[in-house]
Amino acid sequence: MISPRSSLLPFALPDTDEAEIQAIAEAVYAGWLTTGPKTGQFEADFAARVGAKHAIAVNSCTAAMHLALEAIGLQAGDEVITTPYTFAATAEVVHYFHAKPVLVDVRPEDFNLDPTRLEAAITPRTKAIIPVHIAGLPVELDEIHTVAHKHHLWVIEDAAHAFLTLYKGRSIGSLSDFTCFSFYATKAITTGEGGMVCTDNDAWADRCRIMALHGISHDAWKRYTAEGRWYYEIIAPGYKYNLTDVAAAMGLAQLRKAQTMWQRRLAIAQRYNRAFEDLPELQIPYDRLDCQHAWHLYMLRLNLDRLSINRMQFVAELRQRNISTSVHFIPLHLHPYYRETYGYRPEDFPIAYREYLREVSLPIYSKMSDADVQAVIDSVAEVARQYRC
Ligand SMILES: Cc1ncc(COP(=O)(O)O)c(C=O)c1O
């Protein structure tokens, strides 16, 4: 057995240092802690980066998706198509409206929504599609847009994993009706918790901005500065989803190093690919030349017919070697709420179920040293060889 690491390698770590500390300190000293000029700057810089006309900073991607669905006027009883292969948030926001998430199985190659199955899932109640760019590899947007236009459906991208993803040379953030990003602690850039809703539509952007702050027609910054005014109007019962200036300051610092962090994740993915591609027990993640993968996750798959252990045991073997891993995702239809509410069985979405059983996400983050990467490679290869059959 290779000599294991002396300490546990975390599955994910944010890449934060003096730059974030200074940016946060500046925001604190500036005295405007809540949504203000730093947030405005973060929105402008982010919009420019992804090519969106409007970017509205909020406190999570979940909030961003909720606001997008509110802006299109989703109603109780409506249906929204998404995939079972995602995190809780993607479908939970549909339930906020007493609407129904309709699940469509994924493609075996990349865990992304299979556009060829879309039309069969559309009913007169369908209002929108929420595709998810799993791991940072884009969904087949052209095909999804074709179906959406034909059936007059809105497309709201769950781009929680897809900051810096390019779809056929174009930046995710500017391609659909809405694109929602996450700045959760493990994401490509982080503000601790945070998110962004992007759209090119002026009216939707106004609505999201207003609903993100209690349905009030002006935010506090405008009300209390010299050129502002005390008067405000509540035009709808909104939410409290605004991002603080302290968080936005951190976001600005992260934006400045986003490209470098992505390059490091890319280099790690390439090293993993080279190390694992010839091992028949393993299947490296699908990638495509016409797109840019954000490499938020490295989703390795086990060829279980070539191994004498299952995924759970594989994960435990890596843990014994001080390597943390994760599994993305437990498909929605396997969870108690979805089973009980919709009567789903595992085989209802056979690809999602089958691929979930053999998925292991390896650590991939810019703070990993070359030695960390090598330790992961050595451990994974060792377990694969030891349990080959
Ligand atoms: C695919 C996906 N969508 C949405 C979210 C929710 O993001 P947030 O925590 O910013 O609300 C996550 C979070 O991990 C995610 O993985």
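1. A quick definition before we start: helices here are DSSP runs of at least four residues, numbered from the N terminus. With that in hand, H3 is the element that gives the most to the shell around the ligand, with 3 residues. Please keep in mind that this is a predicted model.

2. On the ligand site, the space taken by the ligand is the largest pocket. Two elements give two or more residues each to the shell: helix H3 (61-71) and helix H4 (88-95). There are 16 residues around the ligand, and Thr62, Asp158, His161, Ser182 and Lys187 come nearest. Sorted by class, the shell holds 7 nonpolar, 7 polar and 2 charged residues.

3. You may like the polar contacts. A ligand oxygen lies 2.6 Å from a side-chain N or O atom of Lys187, and a ligand nitrogen lies 2.7 Å from a side-chain N or O atom of Asp158. At Cys61 the partner is a polar backbone atom, 2.9 Å from an oxygen of the ligand. The protein covers 91% of the 390 Å² of accessible area that the ligand has on its own.

4. Now for the cavities: the whole structure has 2 of 30 Å³ or more. The largest has a volume of about 90 Å³. Its lining counts 13 residues, with Asp110, Phe111, Ala135, Pro285 and Met299 nearest the centre; the classes are 9 nonpolar, 1 polar and 3 charged.

5. The second largest cavity has a volume of about 40 Å³. Among the residues lining this cavity are Phe181, Ser182, Phe183 and Lys187. Ser182 and Lys187 are also among the residues that come nearest the ligand. By class, this lining has 7 nonpolar, 1 polar and 1 charged residue.

Key:
Residues numbered from 1 in each chain as written. Predicted model: local features only at pLDDT ≥ 70, side-chain atom pairs only at ≥ 80, totals over all residues. Heavy atoms only, no water. Near = heavy atom within 4 Å. Polar contact = N/O pair within 3.5 Å; in protein donor to acceptor, adjacent residues only side chain to side chain. Areas by Shrake-Rupley, 256 points an atom, 1.4 Å probe, with all protein chains shown as cover. 1 Å grid on protein atoms, 1.4 Å probe; cavity = no way out; pocket = protein on both sides within 12 Å on 5 of 7 lines; lining within 4 Å. Sits in = over half its atoms within 2 Å of the grid points. Nonpolar A, V, L, I, M, F, W, Y, C, P; charged D, E, K, R; others polar. Points joined across faces, edges and corners; volume = space filled by probe spheres on them.
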